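Work through the following exercises with the sequence and the model side by side. Each task is followed by a solution that goes step by step.

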Amino acid sequence: MILDPKENNEHFFHDVEQDWVLIRPNSFILAKSLEYFKIPNNITGLVYGKSSYARIGIVPNGMPIDGGWEGYYTLQITNLSK
């Protein structure tokens, strides 16, 4: 199977709406923020993970939020543990 990041293949996605989620070892999830952001044009946002989670192998991959952007933030959360 060819994976194309520009193609939205519904086979690989599962919507989960609950208080917790299991991230299996060496895998990741995509999460959507609860908050809706509306960033002013003169502000750039940065997303960081907590070091206490990084010590156990849970690492968020956050990207900068550009000025003028608005919407729900998508965050990749990776479980690097065995």
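**Exercise 1: The fold in outline**

The chain has 1 helix and 3 strands, where helices (H or I, at least four residues) and strands (E, at least two) are DSSP runs numbered from the N terminus. This is a predicted model, in which local features need pLDDT of at least 70 and side-chain atom pairs count only at pLDDT 80 or more, while totals for chains, interfaces and linings use all residues. Residues are numbered from 1 along each chain as its sequence is written, and side-chain values use heavy atoms, with hydrogens and water left out.

Task: state in which order the elements follow one another along the sequence, and set the radius of gyration of the chain against that of a compact globule.

Solution. Step one is to read along the sequence, which gives the pattern β-α-β-β. Step two concerns the radius of gyration, taken over C-alpha atoms, with the globule rule being 2.2 Å times the number of residues to the power 0.38: a compact globule of 82 residues would come near 12 Å, but the chain has 15 Å. Step three adds the extent of the C-alpha trace, which spans about 40 × 35 × 25 Å along its principal axes.

**Exercise 2: Burial and contacts**

Task: find what percentage of the residues is buried and what percentage of the contacts with a separation of 6 or more joins residues 24 or more positions apart.

Solution. First, buried means under 20% relative accessible area, exposed over 50%, and partly exposed in between (1.4 Å probe, protein chains only); buried residues make up 15% of the 82 residues in the chain. Next, with contact meaning heavy atoms within 4.5 Å, residues 24 or more positions apart account for 60% of the contacts with a separation of 6 or more.

**Exercise 3: The aromatic pair**

Task: identify the aromatic pair in the structure and describe its geometry.

Solution. Begin with the count, which is 1 aromatic pair; rings of Phe, Tyr and Trp (its six-membered ring) pair if their centres lie within 6.5 Å, and planes under 30 degrees apart count as stacked, over 60 as edge-to-face and the rest as tilted. The partners are Y36 and Y72, which meet edge-to-face at 5.2 Å centre to centre with 80 degrees between the planes. The pair links distant parts of the chain, since Y36 belongs to strand β1 (residues 27–38) and Y72 to strand β3 (residues 70–79), 36 residues apart. Finally, Y36 counts as partly exposed because its relative accessibility is 46%, and Y72 counts as partly exposed at 38%.

**Exercise 4: Contacts of S81 and P60**

Task: place S81 and P60 in the chain, and list the residues that each contacts beyond four places in sequence.

Solution. Start with S81, which lies in the segment after β3 and is partly exposed at 27% relative accessibility. Leaving aside neighbours within four places in sequence, S81 is in contact with P25, N26, I56 and G57. One of these partners, N26, lies in the segment before β1, is exposed at 61% relative accessibility, and has a phi near 55 degrees, a positive value in a residue other than glycine. Then turn to P60, found in strand β2 (residues 58–61) and partly exposed with a relative accessible area of 26%. With neighbours within four places again left aside, P60 is in contact with Y48, G49, L75, Q76 and I77.
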